[in-house]
Every structure is written in C-alpha cells, then in structure tokens.
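Let's take a walk through a protein model together, one feature at a time. Keep the picture beside you as you read.

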Amino acid sequence: MCDDCSCSSVDKRIQTFDDQKCKKCGEASVIKVHQQGGHCVECFLIHCRHKFAASIGKANDVKYKSKVAVGYNAGSSSTALLHLLSTMLSRIGKRKKLEFICHFVYICFEDLDENSQTIESLQSNVTSLGFTFSCIQPIATFHYNRYLKREIMLKTLCNFAASGNFDYCMIGWTSNSIAINGLSDVITGRGDGFGFTAKFNDNKLFPILKPLKDFTDKEIGLYNYFSKTPAPIYSLLNDSISTYAVTENFVRGLQSGYISTLSNIVNIGSKHSSSVNQNKCEVCSIPMPNHVNDSNTDKLTARSFLDHFDKPKYLKTLCYACNLQNFENG
C-alpha cells in the first residue's frame, strides 16, 4: 500500500506463471518456448498456427487470390512453412482475406539426374497437400559459399516469380535466420540492406514475404516434432569458419544468456531506413551511392554468377563489399 493513499502498489502487469500447467487450458505443460508460461502439445500447435496466420494478416501485404511463389528447400523452417500454409489455407472460413494461391519452388544446386529420387520425394510432400511444385537448377559453374548460395537462391526465386506473373515470393526465414543474415551483412559491409532483411516484406528486388520472422528455430523444431511433419532432408553448407558461422555462434551464445537477443536484433533492423537510390549492387542488391566508380565493374569475381539472368534491371555495378569478397574461397 502507498503511504498517503489506499491504492495497491502491486504492479498488475507482473504475472507469475505455473510452468507445470498449460497457460491456456490448465492441462500438464510439456513445452516452454518463452517466459510467459508453458503449453500442452495441442495448445502449442494452436498457438503456432494462430501466430502464423496473424503475422500474415497484420502485415496486410498479401491480397486476396494473389499468386505466391514459395521457396522450398526441405529444411526445417521451409517444411514447417509448407504445413502451416496448408493448415491455414484449409481453414480459411471467415478469413477470406488470407486466401491466396501457393506454388512451391525447389532450387536444386546438384545434378538433377543424381538427385531425382530426392526431387520426387519433395514433389510428393508438396503435391500431397494440394500445392503445385517446380524444380529449378541455376546455371553456374563455380564454387558456392554460403552467402553466394543464399543470394543465388533469392534471385532465382525472384526471377521465376517475375517471369511467371506471381505477385509475391515467400521464404521460411525465422528470427534466427534474419538476425544472423542481417548481422553477417553488417560485418561484411552490406549493412544498408539490413532494413530490407529484417522486414516482413523485403521489396529490395521483388516482394519477398517472411511469415516466420516472429518464430525462433526452437519453436519451428518443436512444431515439426509435435505435428509429426516429415523429417527435413536438406542441410546447408558446412562452413564452420565462414563469417556466417561465426555470427551464428555469437548470436546463439547471446540468445542463451539473454532471451530477447533475436527479437531486439530483428526489431532494430526493421527500423533501419535503407537508401532508395536506383543503383543497386548486382550481387547483393543493396542500394549504392549515386556516383559509382566504373572501374569496379572490371572485377568479375562476383558478377559472373548473374550472366544467366537476362534482366536489364540488374545494373552492371558492384558494391564495395562484393568487390572485395572472394566468392571462390568464401
């Protein structure tokens, strides 16, 4: 009680949760992914599905009956994205605004003949849920490091969507992916693109939606396990000494000691206002200064991978970071 009035001095915003019981239904709690109490399995799955639909609905970016090209690599997050989309679209009901048409795109970096069984398995996973499927193989003849592979996948997906008259692209980036990719870009001199990376709608090159941006890898892993989704069959490059890997270890270390690390990085990044210059780097697509040194275009280590894109909007210029990057060695 206060000394000079009869009001309660207890902060009603502070609540204590019984970790032994589900915060929604009161049944035994088996999952705890944040500080605000735990969930039983059924309430956790409902929570994930509602959170996913709310992230798309609140953004109000996807129009009714839009065509969406969804990047699918059979990893943990894209597998969850496949099943969350299937569940949401099959239960539209009163949410007609959330109804859109999805086409899943797998970008294969390996030989198609040698991986025919894998591709057939992926196609079966997608078509069994009522979606259509395409497999694309980028045309390139050099070694991929993790950063370059990411950029090729995004540009190939955007190129497919633009040529197929799609309205949006969609990828399964979680808050972990966004935070690590964004900080990696800052470290390597591409920080002006962090604002695009952290937003729900990344329109740096083509509208790319990230409906899993509020999910952590832990939530996605638990969702896949308890919803019994097929086990992921795809893994990223094992580059333990790359900038990305070092950043990933750094962020995960912070997250283990400070649970708001990921959300803070993503929120700060989404508030960053990137430049709107017409000149963009042809590799990373970040805006560049209006006055670009033409001598930069003489260095072809980064530019060669875009030779198979016949698009006039990709300017023949490179940012400073991409000029310094040795893509052959990572």
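The second largest pocket of this predicted model holds about 520 Å³ of space. Its lining is made of 23 residues, and those nearest the centre of the pocket are Val-33, Thr-216, Glu-219, Gln-255 and Ile-259. Helix 1, helix 5, helix 7 and helix 9 (261-270) are the elements that each give two or more residues to this lining. Helix 9 has the largest share, with four residues. What kinds of residues line the second largest pocket? By class, there are five nonpolar, 11 polar and seven charged residues.

From an open pocket, let's turn to enclosed spaces. The structure has three cavities of 30 Å³ or more, and the volume of the largest is about 90 Å³. Sixteen residues might sound like a long list to look for, but you can begin with the ones nearest the centre of this largest cavity: Arg-150, Glu-151, Leu-154, Thr-197 and Lys-204, out of the 16 that line it. Two elements, helix 4 (146-163) and helix 5 (175-187), give two or more residues to the lining of the largest cavity. Helix 4 provides the largest share, namely four residues. The lining of the largest cavity divides into seven nonpolar, two polar and seven charged residues.

The second largest cavity contains about 60 Å³ of space. To find this cavity in the picture, look for Glu-151, Leu-154, Lys-155, Asp-202, Lys-204, Leu-205, Ile-208, Cys-284 and Ser-285, which line it. Helix 4 gives the most to this lining too, with three residues. By class, the lining of the second largest cavity has four nonpolar, one polar and four charged residues.

Now for the sheet. In what order do the six strands of the open sheet lie? The order is 3-2-1-4-6-5, and the pairing is mixed. At the edges are strand 3 (132-136) and strand 5 (201-202), each of which pairs on one side only. Starting from strand 3, you can step inward to strand 2, which runs parallel to strand 3 and is joined to it by five bridges. One place to see this pairing is Tyr-106, whose bridge partner in strand 3 is Cys-135.

The next step takes you from strand 2 to strand 1, and here too the two strands run parallel, joined by five bridges. Ala-69 has His-103 in strand 2 as its bridge partner. On to strand 4: strand 1 and strand 4 pair in the parallel sense over three bridges, and Val-70 stands opposite Met-170 in strand 4. Strand 1 is mostly covered, with four of its five residues buried.

Next, look at how nonpolar side chains gather. The largest nonpolar core has 38 residues, and Phe-52, Leu-85, Phe-100 and Phe-104 touch the most other members. At least two residues of this core come from each of helix 1, strand 1 (67-71), helix 2 (76-90), strand 2 (101-107), helix 3 (116-127), strand 4 (168-170) and helix 7 (217-226). Phe-100 is a good one to zoom in on. Beyond residues up to four places away in sequence, Phe-100 touches Ile-56, Val-62, Lys-63, Lys-65, Ser-66, Val-68, Leu-85, Met-88, Leu-89 and Met-170. Another core, of 29 residues, lies apart from the largest one, and its members include Ile-136, Phe-160, Ala-161 and Ala-198.

Let's finish with two single residues. Ile-31 sits in the segment before helix 1 (41-59). Why does Ile-31 count as buried? Its relative accessibility is 4%, and buried means under 20%. Setting aside neighbours within four places in sequence, Ile-31 is in contact with Gly-38, His-39, Cys-40, Val-41, Phe-44, Leu-222 and Phe-226. The C-alpha atoms of Ile-31 and Asp-19 are separated by 9.0 Å, and these residues are 12 residues apart along the chain.

The second residue is Lys-213, in the loop between strand 6 (208-209) and helix 7. Is Lys-213 buried or exposed? Lys-213 is buried, because its relative accessible area is 13%. Apart from neighbours within four places in sequence, Lys-213 is in contact with Trp-173, Thr-174, Ser-175, Ile-178, Ala-198, Lys-199, Phe-200 and Val-266.

Notes. Residues numbered from 1 in each chain as written. Predicted model: local features only at pLDDT ≥ 70, side-chain atom pairs only at ≥ 80, totals over all residues. Heavy atoms only, no water. Buried < 20%, exposed > 50% of the residue type's maximum accessible area, 1.4 Å probe, protein only. Contact = heavy atoms within 4.5 Å. 1 Å grid on protein atoms, 1.4 Å probe; cavity = no way out; pocket = protein on both sides within 12 Å on 5 of 7 lines; lining within 4 Å. Points joined across faces, edges and corners; volume = space filled by probe spheres on them. Nonpolar A, V, L, I, M, F, W, Y, C, P; charged D, E, K, R; others polar. Core = buried A, V, L, I, M, F, W, Y, C linked by side-chain atoms within 4.5 Å. Pairing = 2+ DSSP bridges.
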